[in-house]
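Hi,

Here is the structure I promised to pass on. Have a look at it first, and my notes come right after.

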Amino acid sequence: QTTRQLICSERDRMYMAIQNMPAFKAYKPYANFILVRILKESLTSFDIFEAAIKERMMIRDCSTFPFLDNKYIRLCIMNPEDNDRLLACLLR
């Protein structure tokens with residue numbers, strides 16, 4: 001129950017934070033991950049994947065998913081500290 005509550009609150013917080021970033025569009029999440037479209041022309045899913053790896057974080061590059069391309073990433077909901085690190089990575 002505690003884990004479920006943490007995921008729900010962090011999911012909402014992450015969704016709102018990403019929605020407020022002009023370079024991204026987050027799709028309303030209903031699970032423990034968020035699908036994000038990259039709106040910034042010069043930025044690709046691979047760029048964000050590489051930046052996250054350098055910070056010892058993992059995101060999913062969705063360029064190989066059917067009907068998606070190199071403008072989509074998927075983020076897992078984690079603990080608040082790791083989520084803050086991931087949000088900071090997106091802002092770079």
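Below is what I found, going from the overall fold to the core and then the cysteines.

Keep in mind that this is a predicted model. The protein chain has three helices and four strands, and from the N terminus they come in the order α-β-β-α-β-β-α. Its radius of gyration is 13 Å, close to the 12 Å that the globule rule gives for 92 residues, so the chain is as compact as a globular protein of that length. The C-alpha trace spans about 40 × 25 × 25 Å along its principal axes. As for burial, 34% of the 92 residues count as buried.

Now the inside. The largest nonpolar core holds 22 residues, and Ile 18, Phe 24, Ile 34, Ile 48, Ile 73, Leu 75 and Leu 90 have the most contacts within it. Elements giving two or more residues to this core include helix H1 (2–19), strand S2 (33–38) and helix H3 (80–91). H3 gives the most, with four residues. Ile 48 is a nice one to click on: leaving out residues up to four places away in sequence, Ile 48 touches Phe 24, Ile 38, Leu 43, Ile 59, Ile 73 and Leu 90.

What about disulfides: how many are there? The count is zero. The sulfur of Cys 8 is too far for a bond, because the closest cysteine sulfur, in Cys 76, is 15 Å away. Cys 62 is in no disulfide either, and the nearest cysteine sulfur, again that of Cys 76, lies 10 Å from it. Cys 8 is partly exposed, at 30% relative accessible area, whereas Cys 62 is buried, at 0%.

Cheers

Technical notes. Residues numbered from 1 in each chain as written. Predicted model: local features only at pLDDT ≥ 70, side-chain atom pairs only at ≥ 80, totals over all residues. Heavy atoms only, no water. Core = buried A, V, L, I, M, F, W, Y, C linked by side-chain atoms within 4.5 Å. Buried < 20%, exposed > 50% of the residue type's maximum accessible area, 1.4 Å probe, protein only. Contact = heavy atoms within 4.5 Å. Disulfide = S-S within 2.5 Å. Rg over C-alpha atoms; globule rule 2.2 N^0.38 Å.
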